[in-house]
Amino acid sequence: MQPTILASALLAASFLLPAAHAAAPAKSVPMPPGVWSPDQGDGTYVNPILAGDYSDPDVVRVGDDFYLTASSFTNVPGLPVLHSKDLVNWTLIGYALARNVPDAHHAVPRHGGGVWAPAIRHHGGRFLIYYPDPDFGIFMVSATDPKGPWTAPVLVDDTKGAIDPAPFWDDDGQAWLVHGFAGSRAGFKNIITLKKMSADGKRTLGPEKRIIEGDKLPKVATSEGPMPWFTTEGPKLYKRKGWYYVFVPSGSVKGGWQGVFRARHIEGPYEGRNVMDQGDTPVNGPHQGAWVDTPAGEDWFVHFSDADSYGRRVYLQPMRWGADGWPVIGAQQGNKPYGAPVARHRKPKVAAQPVAIPVTNDEFDDGHHLGWQWTANPAADWRDPAVKGKLRLKAASSPANLWEAGHLLTQKLPGMAFSVTTSVELKPGGQPGERAGLLAYGYDYAWIGLENTAAGQRLVQVTRLDADLAVNKGKVRQSSETVMVAPVEVKGAVHVRMAFSPVVVPEPAPDMSATPSPPPYWHSMLRSTHAKVTFSYSLDGVNFQPLGTAFTTQPGRWVGTQVGLFAQAPGGTPSNTATRAGYAEFDYFRFGR
């Protein structure tokens, strides 16, 4: 189907900048263009609090400070660590994982692998992050300072397909670990297990106990009617007033709800309910996150909502405990025991904090800033650290299909409608085939930049659909590039730009009469949100000319579209064995409206 343009009513309901300040379900109009900031400057915030793709967020409070980490999958460095004083304004302060392990395995992109949903805790004077790689097990890294240095990963548990770990230390000092399972690796899912750990949290002990088995549970009440528990995962274990609580999302990523289970004994039996779902809001699948309190005793819930090409964006919801000992997250839906996401709300009652967002623009004055990640474990020579004032990337040899390239340097999308501009100069090593440019990257990708040919350099706009060979869609397809050449002579640096604007693509409803019948679905699953990207160039940095045709983004495997830079010598060309390798220099990287 063809994308529906931004003006459509469906799209207007998809992005959040509402007029209401109270705890009312999200009613919205389009997010303003540019880099998104949630702080409204009047004591309120507007969701999402992080427009970037910080999937599966978890948060811990230490004194007056809040720290957030998130999944990073194949991107390196991994396990981003962000800091806030008010749960609204966040600053990226570092990463807890310098390289994915095993190192050699992750020397190439392992799309959909790597670092899945982590949990961050503070125990015994140290920050601890537990994370799973579903192909290798559950790991732990630790540090005394959240900015690092962090220890090398320790393998805590090697259970096949174990995901979404969360540690817990009980009042008697006993350490426990809860986790879920990836059906793609374990052969089953919808189960939460509990295991004892050593006191230092470095290894699991003894047999596991299944404390939540979704397939055996009665249906749960939701705003879409009674639903079976399915794809129950992402557990976080807490204790409050003698009760053990396991917060778990259920019902799939793009649909579903946030569930909570509780028991008087840590090993159960547990009873559960839905505490937040989409209701009549545009915020689909509001789940997987963290309960966190403030020094003043307020309760809040940080979670993600999947926005397709825009990634899994992070939201902040008010949370309250009822007299019955159950939490309600967001704005309560009438007299129901569950809430719905809010769009605008007063900020937490904490000390005032200046407006802050994760870094975006980069002048490359001294290397590159923390917002950049590689698509695989980097080689030492992919970037030349001796160059100051510019970013110099080696034209690294790789398959011509950039989906297979680990040397892409990328960032998360910082808003909904924006432009990004850079200046690129290609210094080829003497062989044709080397190229460099500005990239929009996902299952489909497109870029604008320079290519060295036997006839000299040319300015090109390149698009590749089904770059992943469509294996995410269940069958392998062929993939090739479409190349548009600008009618200009290239001499030196060229300014190139991509402009993003959101579009909605309708999705068909599943056939509920099929055998076997598909799982229940939510109205939000009948659309996908992507971006239309247009390309332009300038020889003087002022006057820009269009090049190529508009491109509609696709997300990657478990991640949103990324924007970034690259320099490449395609594998199989003479430059793969040449004595000299070329490079590209980028003078700046700037987001705009």
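**Exercise 1.** How many aromatic pairs does the count come to?

*Solution.* This is a predicted model, in which local features need pLDDT of at least 70, side-chain atom pairs count only at pLDDT 80 or more, and totals for chains, interfaces and linings use all residues. Residues are numbered from 1 along each chain as its sequence is written, and side-chain values use heavy atoms, with hydrogens and water left out. Rings of Phe, Tyr and Trp (its six-membered ring) pair if their centres lie within 6.5 Å; planes under 30 degrees apart are stacked, over 60 edge-to-face, and the rest tilted. The count by this rule is 27 aromatic pairs.

**Exercise 2.** Describe the pair of Phe418 and Phe591.

*Solution.* The centres are 5.6 Å apart and the planes meet at 70°, so the pair is edge-to-face. Phe418 belongs to strand β29 (residues 418-427) and Phe591 to strand β39 (residues 583-592), so the pair ties together parts 173 residues apart in sequence. Strands are DSSP runs of E, at least two residues, numbered from the N terminus. Both Phe418 and Phe591 are buried, meaning under 20% relative accessible area (1.4 Å probe, protein chains only).

**Exercise 3.** Place strand β4 among its partners.

*Solution.* Two strands pair if DSSP finds at least two bridges between them. β4 pairs in the antiparallel sense with strand β3 (residues 65-69) over 4 bridges, and Phe66 has Ser84 in β4 as its bridge partner. β4 also pairs in the antiparallel sense with strand β5 (residues 91-97), over 5 bridges; here Pro80 stands opposite Tyr95. In strand β4 (residues 78-84), 7 of the 7 residues are buried, so the strand is largely enclosed by the rest of the structure.

Definitions and conventions. Buried < 20%, exposed > 50% of the residue type's maximum accessible area, 1.4 Å probe, protein only.
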